[in-house]
Amino acid sequence: MSAGDEPRTRGPLYPLRRRELTAIDGALALLAVLLVVQIWLLTAALEAFLGGHRGVALPAAVVSGLLFAACCGLFLFIRGLDRASQRARAAR
Amino acid sequence: MSDEPKIERAEREREPLWREEVSIFAADERYVGRRQFAKFLVLASLGMFVGNLWLLAKSRFRKPAARLPAVPVARLAELPVGGVKLFNYPGPEDHCLLVRYAEDSWAAYSQKCTHLSCAVFYRAESRQLVCPCHHGYFAVEDGRVLQGPPPRPLPRVRLERRGDLLVAVGWEPQGDEASPA
């Protein structure tokens with residue numbers, strides 16, 4: 001197999017949809033990581049709450065809210081990419 | 001290579017959006033697309049946030065603890081040094097143990113391990129409360145975790161000495177409540 005036969009993964013000839021899918025996959029992976037952090041945060045906050053450390057609840061809720069906002073932002077990014085892709089396909 | 005797959009793909013790309021979203025094939029219903037997966041992740045994230053808000057509400061708007069009854073537990077004369085007495089406090093299903101670990105020192109704890117609620121027992125030779133399920137060890141003096149998986153100290157019963165009688169009168173506060181304001 002020559003170098004010219006290899007599938008292109010960079011540059012202007014790389015199909016638009018493929019690049020979008022790569023971006024969406026990356027965003028999904030980041031979403032999953034943020035969710036895992038949120039699960040850990042809830043577990044730790046619950047553990048502290050049951051241990052009588054009630055002061056932890058407020059910072060944990062604030063950080064969890066920020067993580068949720070980041071998840072929403074990533075979701076909007078994915079939806080925007082998807083819609084842009086659909087518009088581009090419809091225009092072709 | 002024939003042009004047939006390219007033609008098929010072009011045909012498919014010309015399909016309206018609803019045909020992509022709603023498939024007539026039963027097998028496609030089990031297929032989870034990226035969009036659905038992203039929605040699921042965001043909803044799960046919302047669930048975690050709501051859980052944290054619930055904890056915050058519980059810690060801010062908690063009711064004052066109800067006054068627990070005073071229950072006689074044991075007479076000092078009947079409890080030798082190193083001796084243990086099992087009792088139930090405050091309800092009949094709440095198992096506790098009273099330990100006299102020195103001549104003038106005693107303590108009572110909930111018998112439920114804070115890891116997975118196995119019953120702890122007193123080991124006199126090492127002066128430790130031991131959970132046999134996952135080898136959790138607690139100090140008999142204050143119930144703190146010495147070793148093993150338990151995440152919190154054992155809940156301690158507040159005792160009052162009335163003459164020769166030890167009386168359980170409630171629970172000792174833990175965490176932030178235990179520290180002076």
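In this predicted model, strands β9 (residues 156–162) and β10 (residues 165–171) of chain B run antiparallel to each other, paired over 6 bridges. If you would like a spot to start looking, find B:Val157, whose bridge partner in β10(B) is B:Trp171. From there, you can follow the rest of the sheet and then turn to where chain B meets chain A.

**The sheet in chain B**
- β9 and β10 belong to an open sheet of 6 strands in chain B, which follow the order β1-β10-β9-β4-β3-β2 with antiparallel pairing.
- At the edges of this sheet lie β1 (71–75) and β2 of chain B, each of which pairs on one side only.
- From one strand to the next, the twist averages 30°.
- As general background, the strands of a sheet pair through backbone hydrogen bonds, and the pairing can be parallel or antiparallel.

**The β2–β3 hairpin**
- Strand β2 (residues 84–88) of chain B pairs with strand β3 (residues 95–102) of chain B in the antiparallel sense, over 5 bridges.
- Between β2(B) and β3(B), 6 residues make the connection as a hairpin.
- Within this pair, B:Leu86 sits opposite B:Leu97 of β3(B).

**Where chain B meets chain A**
- On the chain B side, 28 residues are in contact with 34 residues of chain A.
- Helix α3 (residues 34–60) of chain B supplies the largest share of the chain B side, with 18 residues.
- By residue type, the side of chain B that touches chain A has 15 nonpolar, 6 polar and 7 charged residues.

How values were computed: Residues are numbered from 1 along each chain as its sequence is written. Chains are lettered from A and ligands numbered from 1 in the order in which they are written. This is a predicted model: local features need pLDDT of at least 70, side-chain atom pairs count only at pLDDT 80 or more; totals for chains, interfaces and linings use all residues. Two residues are in contact if their C-beta atoms, placed from the backbone, lie within 7 Å. Helices (H or I, at least four residues) and strands (E, at least two) are DSSP runs, numbered from the N terminus. Ala, Val, Leu, Ile, Met, Phe, Trp, Tyr, Cys and Pro count as nonpolar, Asp, Glu, Lys and Arg as charged, and the others, Gly among them, as polar. Two strands pair if DSSP finds at least two bridges between them. Axes are lines fitted to C-alpha atoms, for helices over the stretch in contact, and angles run from 0 to 180 degrees between N-to-C directions.
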